[in-house]
Amino acid sequence: MVANKLTGKTDVVDNLKGKTEVVDNLKEKTDAVETLKEKVVAIDDNLSACTLHYDRKAELIAFDETKSGVKGLVDAGITEVPRIFRLPSPENPNSDQKSPPEHSLPVINLEGIKEDPIRRKEVVKEIKDALGSWGFFQMVNHGVPINVMEEMKKGVLGFFEQDNEVKKQWYTRDSSGKTRVVYNSNFDLFSAPVTNWRDSFLCTMYPNPPKPDELPPQCRDILLEYSNHVMKLGRAVLELMSEALGLDSNYLLDLGCAEGLSIGNHYYPPCPQPELTIGTLEHTDAGFITILQQDHIGGLKVFYQNEWTDVPTIPGAFVVNAGDLLQLVTNDNFVSSRHKVMANKAGPRISMASFFMRYLTDTGKVLGPIKELLSEDNPAKYRETTEKEFSSHYHQKGLTKISALMHFKI
Ligand SMILES: O=C(O)CCC(=O)C(=O)O
């Protein structure tokens, strides 16, 4: 009798084991489907590019070897957009410019947040709403002096507009994360389906600020001064964001969200046929937060409620957005939204994106959804990772509409 009962129980246990295996099996299959999905979209993008029927690789190499970027082409007087920059038809990002969007991106006034607790609470609520829906907002009265912002813009313009033969000496595709200043056109030139109509130089400023002579002379002093201001502002914004999540003010700082800062400085030359190409393909940012300064030309758009909405230019304002890692640690409380930049007949357009993250660096810190934000009804949506693993995956993927977060989803 007892033996019979025991056999029955063993059968139940075996049965349960079998079910666990089925669940594990299903999970593996779901992961495989996600990976396949990513691959299909990548192939799709590449196929679209291939339908243009030409030796794209050879043209990319030729373009890269000039070390003169898109600006070099414009300076040489081209009147037509070369094939490598052309968007595959029928996709034309400019066609969505027609209807005025119903929504406008929130502008948050930071004045008084230190002295006035009531105002601070209001700002915290505004940030919570903006990052939970848009993933973006603009901020004014943020404390960074306007002359510092203007000088930074001038310094960046000075770098791009210096003698080309001298500028070429900074040109590199070193993606080890060890080179302080990485100047090139399109970091993902050889993997992206379409080449962006822009040149960039990325400067790593924190955690170990560069020595002045490691930076280009046109912007060396201002880069150091600007990054100090932006770091201070970023830390203040991260405190407000922690409060917006119902956490201690220092929570996101203690997590290391302000340990690393790299500034991506972009130059979008005027484009003879802007409707055929794109300034920056749609993408999300990899890091925790991005604090962006844009000039008066415009063209930045954010994807919100199924439509592309302009990020209007406001003198003296910064645009702030959540990156993928912030979405991961907040378990989707804050969203990392897709954005893109249109090419323009007017220009050049200058923008400076301050990315809070340590790229391709072993920080020894494991990041996952914040435990305090989880519950039985709201379990972790992402697996744990590191800044190094995340940024390597992001870098390898390049700028595409597929979020790097897909790869880390549970
Ligand atoms: O140029 C801009 O306004 C945006 C740049 C951007 O999206 C980026 O650097 O990730």
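How do the residues of the shell around the ligand divide into nonpolar, polar and charged? In this predicted model, four are nonpolar, six are polar and one is charged.

**View 1. Residues around the ligand.** The ligand is surrounded by Gly264, His266, Thr280, Asp285, Leu292, Gln294, Leu300, His339, Val341, Ser351 and Ala353. At least two residues of this shell come from each of four strands: E5 (261-268), E7 (289-294), E11 (339-341) and E12 (349-356).

**View 2. The largest nonpolar core.** This core has 94 residues. Those that touch the most other members are Ile127, Phe137, Met241, Ile289, Val320, Leu325 and Phe356. Helix H7 (residues 220-244) gives the core its largest share, nine residues. In soluble globular proteins, nonpolar side chains tend to be buried together. For leucine 325, the contacts beyond four places in sequence are Ala286, Gly287, Phe288, Met357, Leu367 and Phe390.

**View 3. Helix H7 and the residue glycine 246.** H7 has 25 residues, and at 1.5 Å a residue it should span 36 Å. The C-alpha atoms at its ends are 36 Å apart, so the span agrees with the expected value. Glycine 246 follows H7 and has a positive phi, near 80 degrees.

**View 4. Threonine 290 in strand E7.** Threonine 290 counts as buried because 25 other C-beta atoms lie within 10 Å, where 20 or more are required. Leaving out residues up to four places away in sequence, threonine 290 touches Asp285, Asn321, Gly323, Ala353, Ser354 and Phe355. Two of these contacts, Asp285 and Ala353, are also listed around the ligand. Threonine 290 and phenylalanine 356 are 66 residues apart in sequence, yet their C-alpha atoms are 6.1 Å apart in space.

**View 5. Two cis peptide bonds that precede proline.** The bond from tyrosine 206 to proline 207 is cis, with omega near 15 degrees. Proline 207 lies in the loop between strand E4 (199-206) and H7. The bond from glycine 347 to proline 348 is also cis, with omega near 5 degrees. Proline 348 belongs to the loop between E11 and E12.

**View 6. Glutamine 305 and asparagine 306 in the loop between E8 and E9.** The loop joins strand E8 (300-304) and strand E9 (307-310). Neither residue is a glycine, and both have a positive phi: near 45 degrees for glutamine 305 and about 65 degrees for asparagine 306. Glutamine 305 counts as exposed because it has 10 C-beta neighbours inside 10 Å, and the limit is 12 or fewer. Asparagine 306, with 5 other C-beta atoms within 10 Å, is therefore exposed too.

Terms used:
Residues numbered from 1 in each chain as written. Predicted model: local features only at pLDDT ≥ 70, side-chain atom pairs only at ≥ 80, totals over all residues. Near = placed C-beta within 6 Å. Nonpolar A, V, L, I, M, F, W, Y, C, P; charged D, E, K, R; others polar. Core = buried A, V, L, I, M, F, W, Y, C linked by C-beta atoms within 7 Å. Contact = placed C-beta atoms within 7 Å. Expected span 1.5 Å × (residues − 1).
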